[in-house]
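I opened my notebook to work through this structure one item at a time, writing down what I looked up and what came back.

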Amino acid sequence: MDDYPLLDLFLTMLFFFLWIMWLFLLFRVVMDVFRDEELSGWAKAGWLIFCIVLPYVGVLVYVIVRGRGMGQRDVERSRKAEAAFQDYIRKTAADGQQSGSDELVRLAQLHESGALNDEEFARAKTKLLA
């Protein structure tokens, strides 16, 4: 252990940690570039080339220039996903409730029009409500 002092081990671990953080940030930037609907194709290509050719500088410049928007776009994307999910739940729950009542209305209309007699209407209604 004399040939690799404790300070060198600490610095190695620090650099490794910083490298992992930078990789995480690079993936986050690339995902943000591809998900941003406001950027044109040329702008996306430019940011990607900048991040590939000058990786550290490109990522840091992107975070400085568009960092605030990254968070706002994530929040907006989460809101849209939550709204779509809630809309789906409301629609699905409403479909289940309306199908029985819609069927009852249809049976009543058939009974009023004379297509079903009283006995058939009563049988269909008890079958539907059971």
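I began with residues 7–27, where the chain is 100% helix and 0% strand, and I found the end C-alpha atoms 30 Å apart. I noted at the outset that I am working with a predicted model, so each value here is computed from it.

I then looked up why someone might pick out that stretch, and an unreviewed UniProt entry places the feature "transmembrane region" at residues 7–27 and 47–65. For residues 47–65 I read 95% helix and 0% strand, with the end C-alpha atoms 11 Å apart.

Next I turned to the helices themselves. How are H1 and H2 directed relative to each other? Helix H1 covers residues 6–35 and helix H2 covers residues 41–53, and I found that they pack at an angle of about 165° with their axes 9 Å apart. Angles over 145 degrees count as roughly antiparallel, and H1 and H2 are therefore roughly antiparallel to each other. I also wrote down that the crossing of H1 and H2 is left-handed.

I checked which annotation covers residues 20–66, and the unreviewed UniProt entry gives "domain: Cardiolipin synthase N-terminal" for them. In the model this span is 87% helix and 0% strand, and its end C-alpha atoms lie 21 Å apart.

I moved on to residues 102–129, which UniProt, again in an unreviewed entry, lists as "domain: SHOCT". I found this span to be 86% helix and 0% strand, with its end C-alpha atoms 12 Å apart.

Helix H4 takes up residues 118–129, and I wanted to test its length. At 1.5 Å a residue its 12 residues should span 16 Å, and because the end C-alpha atoms are 16 Å apart, the expected and computed values agree. Is H4 largely buried or largely in the open? Of its 12 residues the number buried is one, so I recorded H4 as lying largely in the open. At the N-terminal end of H4 I found a cap, Asn 117, with a side-chain oxygen 3.2 Å from the backbone nitrogen of Glu 119.

My last entry concerns Leu 14, which is found in helix H1. Its relative accessibility is 34%, and buried means under 20% while exposed means over 50%, so Leu 14 counts as partly exposed. I also looked up how far Leu 14 is from Ala 124, and the two are 110 residues apart in sequence and 75 Å apart in space, taken from C-alpha to C-alpha.

Note on methods: Residues numbered from 1 in each chain as written. Predicted model: local features only at pLDDT ≥ 70, side-chain atom pairs only at ≥ 80, totals over all residues. Heavy atoms only, no water. UniProt positions renumbered as here; feature names shortened; annotations may be inferred. Helix = DSSP H or I, 4+ residues; strand = E, 2+ residues; numbered from the N terminus. Expected span 1.5 Å × (residues − 1). Buried < 20%, exposed > 50% of the residue type's maximum accessible area, 1.4 Å probe, protein only. Polar contact = N/O pair within 3.5 Å; in protein donor to acceptor, adjacent residues only side chain to side chain. Axes fitted to C-alpha atoms, helices over the stretch in contact; angles between N-to-C directions. Parallel < 35°, antiparallel > 145°, perpendicular 65-115°, else oblique. Left-handed = near helix turned anticlockwise from the far one by under 90°.
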